[in-house]
Amino acid sequence: MKAYILSIAGVVLFAAVITIIAPGGKMGKFLKGAVKLVILFVMVSPLVSIFSEGEFAFETAQIGTDEEYLAHCADQLSEEDEAAIIGYLSEEYGVTAEAQVNRRADGEFSYEKILIKITDFGIIGQDEHIHISEEIEKMLEARYGCDAEVT
């Protein structure tokens, strides 16, 4: 019913615009007559469906999601997160790392998994790098709410 009312309102607005911009001669009369026929057709169209199908109903369209666009957005957000994580690890822990962030291509772009490969621990004691890896892993899991793996 909502679509029917909106279609009538749209045709009436269209008719008003045509009436305003139509020339005054024979062409204007022709355009105004054609617009009146369109309005009549829109108003009578539900009656045709009642007689042919026996009920007054409009079909609703199913709106699908654009999976390719969502995947592209998830990739873009993942790249931004990777750069942010690499910068944070460099500033906070003094390590050089490579990051891989996996996001789901759903409407929320939630985090799936974060993989960190530390390439240089900087100046750290003999076994201290083990504790830093665990600390980084816990920090990432708490901050992003997903599994994190640091190697």
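**Exercise 1. Work out how Tyr88 is placed and what its ring meets.**

Start with cover: Tyr88 is partly exposed because its relative accessibility is 26%, where partly exposed lies between buried (under 20% relative accessible area) and exposed (over 50%), using a 1.4 Å probe and protein chains only. A quick note on the model: it is predicted, so local features need pLDDT of at least 70 and side-chain atom pairs pLDDT 80 or more, while totals for chains, interfaces and linings use all residues. Numbering runs from 1 along each chain as its sequence is written, and side-chain values use heavy atoms, leaving out hydrogens and water.

Next, look for ring partners. The whole structure has two aromatic pairs; rings of Phe, Tyr and Trp (its six-membered ring) pair with centres within 6.5 Å, and planes under 30 degrees apart are stacked, over 60 edge-to-face, the rest tilted. Tyr88 pairs edge-to-face with Tyr93, at 6.4 Å centre to centre and 80° between planes. Tyr93 is buried, at 17%.

Last, check for charge: the charged end of Arg143 sits over the Tyr88 ring, 4.7 Å from its centre (CZ of Arg or NZ of Lys within 6 Å of the centre and within 35 degrees of the ring normal).

**Exercise 2. Find the disulfides, and check the cover of Cys73 and Cys146.**

Search for cysteine sulfur atoms within 2.5 Å, the disulfide cut-off: the whole structure gives zero disulfides. Then take the cysteines in turn. Cys73 counts as buried because its relative accessibility is 17%. Cys146 is buried too, with a relative accessible area of 7%.
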